[in-house]
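Let us take a walk through this structure together. Have the sequence and the 3D view ready, and follow along at your own pace.

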Amino acid sequence: MSKLLVTGGAGFIGSNFVRLALTRTRHEVVVFDALTYAGNLENLAGLENDPRYAFVKGDIRDAAAVRAVFEAQRPTHVVHFAAESHVDRSVMDATAFVQTNVVGTQVLLDAGRACGVERFLHVSTDEVYGSLGPTGRFTEDSPLMPNSPYSASKTGSDLLVRAAFHTHGMNAIVTRCSNNYGPYQFPEKLIPLMIANALENKPLPVYGDGKNVRDWIHVQDHCEALLVVLAGGRAGEVYNIGGDSERENLQVVRRILALANRGEDLIRYVTDRPGHDRRYAIDSSRMRDELGWRPSIRFEDGLAATFRWYVENRDWWERVRSGAYRDYYERWYGARR
Ligand code: NAD
Ligand code: DAU
């Protein structure tokens, strides 16, 4: 039986992955998470009594803490989600992005190598490829051309993982996924932010002309893909994971307004995000041809289910939207009126 060390397991994708791994596999799971503003033990509620699950609070930038968790838990595999993940915050201040995404990833690679882990799965993003024009899709051979401090820091981490494979022969794999949505996503990202604002009858801030395109994938499809790569991916390889669901931001926002039974008068066009990538689209044919994976959730179905989740879990997002989040919201959106 394998033991997974899941970094960032208290965040959005990590917590969905932990639940899926405990349900679908016999792996043991140890979550290692610093519980930043984006990490929340409520995302893992209900798992406390599962004998195959453990939580360790710790920071991937802290080499001693990382070494200690490897020595105490002896994981066989690392699934590395922990990161600063929000582009807008990286525009305001990139420091934590470099520290966690770049330095933290190297700390983990070093500890994983010293402890002889069998496999290191690095969860990355399509944003490392930069921005597309109106046609074409990113393949694993597309050039790395990140445009935001967030995506530049993720690119740095991808390259450190690549180096660990080539230099040290580490069994390391990188996955690059498109935009996720689903339960437990922090309401700073487009879909949960628009749902929460619509439910509270607040303005929906749309950047620029609202015609930027993202390739949406339900978090469950992403997590299933990660289990497939963990089990059958080739060491040293990169795998693109996409949802085959390109939508303009305005299409997504209008659909949410319809689900919430609200009018388009709630839409506010605000100053664009600096360096805003125009379009992402992922070619996941390597995942399909080599590993037999393909996304299964239709965007409109997944969005409706996600909307229902936010309606039914209002306490969760009202709590995470209080406190420090309010200061962030005022600082970022206050400057874009
Ligand atoms: P998230 O912001 O919801 O969660 C990040 C988690 O990492 C939190 O639990 C946080 O507490 C933890 N964390 C942050 N800094 C840490 C540190 N220094 N030490 C330990 N833990 C720390 O992020 P997410 O949206 O779930 O994304 C997870 C991963 O997937 C990231 O690496 C991100 O780059 C990647 N990714 C995200 C998307 C997306 O659409 N959200 C798409 C592709 C790839
Ligand atoms: O593509 C994968 C990436 O997707 C991940 O690597 C990132 O971690 C994740 O945050 C996400 O990045 P994006 O910048 O694409 O996601 P975000 O939800 O911030 O924005 C989606 C689109 O919506 C983008 O074109 C910007 C726009 N937007 C976003 C916000 C928060 C708005 O128009 N208004 C907003 O208030």
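A good place to begin is ligand 1, where a nitrogen atom of the ligand has a polar side-chain atom of T100 at 3.0 Å. Keep in mind as you look that this is a predicted model. Two contacts of ligand 1 involve the protein backbone instead: a polar backbone atom of G11 sits 2.9 Å from an oxygen atom of the ligand, and a polar backbone atom of F81 is 2.8 Å from an oxygen atom of ligand 1. If you now step back to take in the surroundings, you will find 29 residues around ligand 1. The closest of them are I13, D33, S85, Y150 and K154.

Remember Y150, and turn to ligand 2. Which residues come nearest to this ligand? Out of 26 residues around ligand 2, they are D126, Y150, R273, H276 and Y333. Y150 is thus listed among the closest residues for ligand 1 and among the nearest for ligand 2. A polar atom in the side chain of Y150 lies 2.6 Å from an oxygen atom of ligand 2. E127 also offers a polar side-chain atom, 2.7 Å from an oxygen atom of ligand 2. With L190, a backbone N or O atom takes this role, at 2.7 Å from an oxygen atom of the ligand.

L190 also leads us to the helices, for helix α6 covers residues 190–199. Its partner here is helix α10, residues 299–312. Two packed helices are described by the angle between their axes and the distance between the axes. For α6 and α10, the angle is about 50° and the axes are 10 Å apart. Angles outside the parallel, antiparallel and perpendicular ranges count as oblique, so α6 and α10 are oblique to each other. The crossing of α6 and α10 is right-handed. On the α6 side, the contact involves I191, P192, I195 and L199, which meet F299, L303, T306, F307, Y310 and V311 of α10. Sorted by class, this contact of α6 with α10 has nine nonpolar residues, one polar residue and no charged ones.

Helix α10 has another neighbour to visit: helix α8, residues 249–259, packs with α10 at an angle of about 50°, with the axes 11 Å apart. This pair, α8 and α10, is therefore oblique as well, and α8 passes α10 in a right-handed crossing. Here V252, R255, I256 and L259 of α8 touch F299, E300, L303, A304 and F307 of α10. What classes of residue make up the contact of α8 with α10? There are seven nonpolar and two charged residues, and no polar ones.

Key:
Residues numbered from 1 in each chain as written. Chains lettered and ligands numbered in written order. Predicted model: local features only at pLDDT ≥ 70, side-chain atom pairs only at ≥ 80, totals over all residues. Heavy atoms only, no water. Axes fitted to C-alpha atoms, helices over the stretch in contact; angles between N-to-C directions. Helix = DSSP H or I, 4+ residues; strand = E, 2+ residues; numbered from the N terminus. Parallel < 35°, antiparallel > 145°, perpendicular 65-115°, else oblique. Left-handed = near helix turned anticlockwise from the far one by under 90°. Contact = heavy atoms within 4.5 Å. Nonpolar A, V, L, I, M, F, W, Y, C, P; charged D, E, K, R; others polar. Near = heavy atom within 4 Å. Polar contact = N/O pair within 3.5 Å; in protein donor to acceptor, adjacent residues only side chain to side chain.
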